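Hi,

Here's the structure I promised to pass along. Have a look at it first, and my notes on what turned up follow right below.

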Amino acid sequence: MPRTQRSLKPEKINFKESFASLKFVPRFFKEIRKVNPLLFYANVASRILNASLPVLILLIGKIIVDEVVLQIAADIKDYDRLWLFVGIELGLAILSDLLSRAIALTDALLGDQYSIDTSVKIIKKTSEINLDQLEDSEFYDKLERARQQTTGRVGLMSNILTQGQDIIVIISLMAGVVVFEPWLIILLVVSIVPTIINEIKFSGTSYSLARRWTQERRELDYLRYAGASDVTAKEVKLFGLSDYLATRFQNLSNKYYKESKQLAKQRAAWGSFFNVIGTGAYYGAYVLIVFRTVVGVFSLGDLTFLSGSFKSLQNKLQGFFTRFTAITESALYLQDYFEFLDLKFDRSEEVEGLSLPESIKTGFTFNNVGFKYPKSERWVIRNVNFELKAGEKLAFVGENGAGKTTLIKLLLQFYEPTEGEILLDGVPIKKYNQLQYQQYFGVIFQDFVKFELTLRENIAMGEIEEIGNQPRIDNAADKSLANQVVSELPGGYDQQLGKRFKNGKDLSGGQWQKIAIARAYMKDAEVLVLDEPTSALDARAETEAFDRFIKLTEGKTAVIISHRFSTVRIADRIMVLKEGTVLEIGTHEELMENNKLYTELFNLQAAGYQ
Ligand SMILES: Nc1ncnc2c1ncn2[C@@H]1O[C@H](COP(=O)(O)OP(=O)(O)OP(=O)(O)O)[C@@H](O)[C@H]1O
């Protein structure tokens, strides 16, 4: 939905929905336990032990006070019992402190390990996604919500465990209070109910606010990146875009700020009101205890114990309900995370499919292929018929937007044709096992990735299992002329590339391309696809790269997309595309004789070089 049409009012996620989100908590804990069982059980044990201490400390405090009163009144003083209990209380206090530290430590370690584990899971799950889903903004939002809440999930773990710990504390304190004065429980309920109402009132609202703003927050992230990153810095500076981007960022942020401010204010106002009621109830209880002490029903020790227990109970209960909201809110994010992990993709590669032929016999055939991108009504490709013969080097040429890259995406099964079909050796390509099928190709895209890793890794990405195979990496680098880049860099193959990390060296466009081409050579692919792989190379390097390519890939099937006709002409055949259809196809000589678009464009470029 466009942002302008959206209501800015927080849509409420009700209490029931909040509860429903808790259904993911058992699975969540199963995952955490799996990450490190020892740490997990150490954490739980420390919490259980620590939970039994508050009531014990209060009870011992009561005994000490009563003992002090006794000794003040006694004629013959005997402090042994007094010091014994003071000693015990000291011991318990130290134990409690040590346990708290053990809990904090195990929380942090478990949290770190769990967030590593979830990030790895998200990366792996993302690799299952089809290209069309990655280009879908709704899907992106889901991924974003799953990704961004890593730290939130760690907080959730400690919140839930603390909740369990506090339940033990609450039950033990309540038992103590009930033994002395059952009436106090009623006052306790009065003091705590307002907090519960408050939490119900706001439960889910801040989550729903954050959820509705996923898209905008993505936009904010992007604006922050566009306005402040090494990649955009040159143009931002040169065109003076800084103010424009900053204002756009500010306007959008302000809208979010306004909405969340309103929510925070309401929450604070109601929270203060209910707190006053809670505090009133506490003092009511205090008056009751003091009165019963004055009239002699309770000892001074009882007074200390009861007022301490009551205050502590009230705090714990309040914490319990406030935390409960935090938990249900984070659990809603948990829902996003598990829903993302459980997404079932239409993974045709999981369908067994036919095995690929050892080597291509006849080649690929495009039969009347037509294609519209998802959610688009426009035919980008229509009535396309051609053959890519086994061992042939076919070049695609055509103006921008003619559909060259789209044909490659169809060939690679990133998308399925909307009409018509593509065959390999007479069999529709979708009948093959998709994973195996895609392994058949070595592809360098126009917008290939410049991995900010080492040069070696950048080349080995073509066949990452072979990263330890130096001769193979050398070979790929020699073929693509990337060996020149290796020799120019101080770190050689181990040179960190890019500017993001320490000692990283950025490369020229042409140098990056040579490395990308090496990636294609690294893979011993049946079919090579080079989508404008040499656009950043200088004329000499480009001719050299193409000449080598043709020689080195003898017998291999290849598709080359290029806008430079001088290089395209060395391909076996050239296919000229215009507005998604095949205009002409043939050898350079044949097309020159045709005297159509190819001849026109060729002559145009040739004139440019004269
Ligand atoms: N993911 C997409 N969703 C919708 N339309 C797209 C998508 N990718 C490309 N198109 C559209 O399909 C048409 C063909 O694009 P394609 O990238 O195949 O052209 P091309 O011939 O490779 O162009 P160029 O020479 O500029 O690289 C273009 O009009 C483009 O706008």
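Let's start with the helical spans. Residues 81-99 are 100% helix and 0% strand, and their end C-alpha atoms sit 27 Å apart. Residues 167-197 come out at 94% helix and 0% strand, with 20 Å between the end C-alpha atoms. Both ranges carry the feature "transmembrane region" in UniProt, from an unreviewed entry. Keep in mind that this is a predicted model.

Next, the sheet. Four strands form an open sheet in the order E2-E1-E4-E5, and the pairing is antiparallel. Strand E2 (381-389) and strand E5 (427-428) are the edge strands: each has a single partner strand, so one side of each has no neighbour in the sheet. E5 runs antiparallel to strand E4 (residues 419-424), and two bridges join them. In one of these pairs, Leu424 has Val427 in E5 as its bridge partner. Helix H15 (residues 404-411) packs on this sheet, where it touches strand E1 (363-371), E2 and E4. The direction of H15 makes about 115° with that of E1.

Now the part you'll probably want for your own work: what surrounds the ligand? The shell counts 13 residues, and the closest are Tyr373, Asn400, Lys404, Thr405 and Thr406. H15 turns up again here, giving the most to the shell with three residues. By class, the shell around the ligand has eight polar, three nonpolar and two charged residues.

Shout if you have questions.

Cheers

Definitions and conventions:
Residues are numbered from 1 along each chain as its sequence is written. This is a predicted model: local features need pLDDT of at least 70, side-chain atom pairs count only at pLDDT 80 or more; totals for chains, interfaces and linings use all residues. UniProt positions are given in the numbering used here, feature names are shortened, and annotations may be inferred rather than shown by experiment. Two strands pair if DSSP finds at least two bridges between them. Two residues are in contact if their C-beta atoms, placed from the backbone, lie within 7 Å. Axes are lines fitted to C-alpha atoms, for helices over the stretch in contact, and angles run from 0 to 180 degrees between N-to-C directions. A residue is near a molecule or strand if its C-beta atom, placed from the backbone, lies within 6 Å of it. Ala, Val, Leu, Ile, Met, Phe, Trp, Tyr, Cys and Pro count as nonpolar, Asp, Glu, Lys and Arg as charged, and the others, Gly among them, as polar.
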